[in-house]
Amino acid sequence: MTDRVTKSDKDWRESLTREQYRVTRQHGTERAFTGAYWDTKTPGTYRCVCCGQELFSSRTKYDSGSGWPSFYEPYGEAAVETSEDRTLGTARTEVHCARCAAHLGHVFPDGPQPTGLRYCINSASLDLQPEESHD
Ligand code: FE
């Protein structure tokens with residue numbers, strides 16, 4: 001079990017940028033090809049912008065062509081949780097941070113091996129912590 005993080009709506013609003021708040025706390029979606037990380041190849045760990053939990057590793061990031069950061073696997077089994085999203089007239093699987101419930105994006109069954117999954121994630125929900133360089 002992870003230690004859950006809960007904050008009031010006011011606290012989230014004050015600790016996030018407008019775009020971060022809109023995406024993570026209001027289930028928003030950033031426009032394709034506009035986020036900070038859709039084309040990022042920097043090695044490192046993507047943390048939750050809300051609570052700092054490790055969500056995805058750059059090692060599982062791939063170019064899906066979608067315009068959003070895409071990963072084939074979460075950082076660990078307990079990092080993210082999913083729920084059914086029936087908005088927009090289709091059934092999609094919504095992905096959120098297991099620790100603070102931040103909305104991250106959606107997961108689709110059209111990703112590469114070894115998982116066959118595509119975690120399609122908003123840059124605005126992520127904070128990349130680059131790996132320390134050793135040169
Ligand atoms: Fe979080």
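Here is a short chat about the fold of this predicted model and one buried pair in it.

This is a predicted model, where local features need pLDDT of at least 70, side-chain atom pairs count only at pLDDT 80 or more, and totals for chains, interfaces and linings use all residues. Residues are numbered from 1 along each chain as its sequence is written, and side-chain values use heavy atoms, with hydrogens and water left out.

Colleague: How many helices and strands does the protein chain have?

Modeller: Helices (H or I, at least four residues) and strands (E, at least two) are DSSP runs, numbered from the N terminus. Along the sequence, the pattern reads α-α-β-β-β-β-β-β-β-β-β. That makes two helices and nine strands.

Colleague: What is the radius of gyration of the protein chain?

Modeller: This radius is taken over C-alpha atoms, and the globule rule is 2.2 Å times the number of residues to the power 0.38. For 135 residues the rule gives 14 Å, and the chain comes close to that, so it is as compact as a globular protein of that length. The radius of gyration is 14 Å.

Colleague: Is Asp85 buried or exposed?

Modeller: Let's set the cut-offs: buried means under 20% relative accessible area, exposed over 50%, and partly exposed in between (1.4 Å probe, protein chains only). Asp85 sits in strand S5, residues 80-85. Its relative accessible area is 10%, so Asp85 is buried.

Colleague: Which side chain joins that of Asp85 in a polar contact of 2.8 Å?

Modeller: A polar contact is a pair of N or O atoms within 3.5 Å; within protein, one must be able to donate a hydrogen and the other to accept it, and residues adjacent in sequence count only if both atoms are side-chain atoms. The partner lies in strand S7 and counts as buried, at 7% relative accessibility. It's His106.

Colleague: Leaving aside neighbours within four places in sequence, which residues is Asp85 in contact with?

Modeller: Contact means heavy atoms within 4.5 Å. Under the rule about neighbours within four places, His106 has Asp85, Arg92 and Glu94 among its contacts. For Asp85, the list is Thr90, Ala91, Arg92, Glu94 and His106.

Colleague: Which residues of helix H2 are buried?

Modeller: H2 covers residues 18-26, and His27, with a positive phi near 55 degrees, follows it. What covers the buried residues of H2 includes helix H1 (9-15) and strand S7 (103-108). The buried ones are Tyr21, Val23 and Thr24.

Colleague: What share of the 135 residues in the protein chain is buried?

Modeller: Asp85 and His106 both count as buried. Over the protein chain, the share is 43%.
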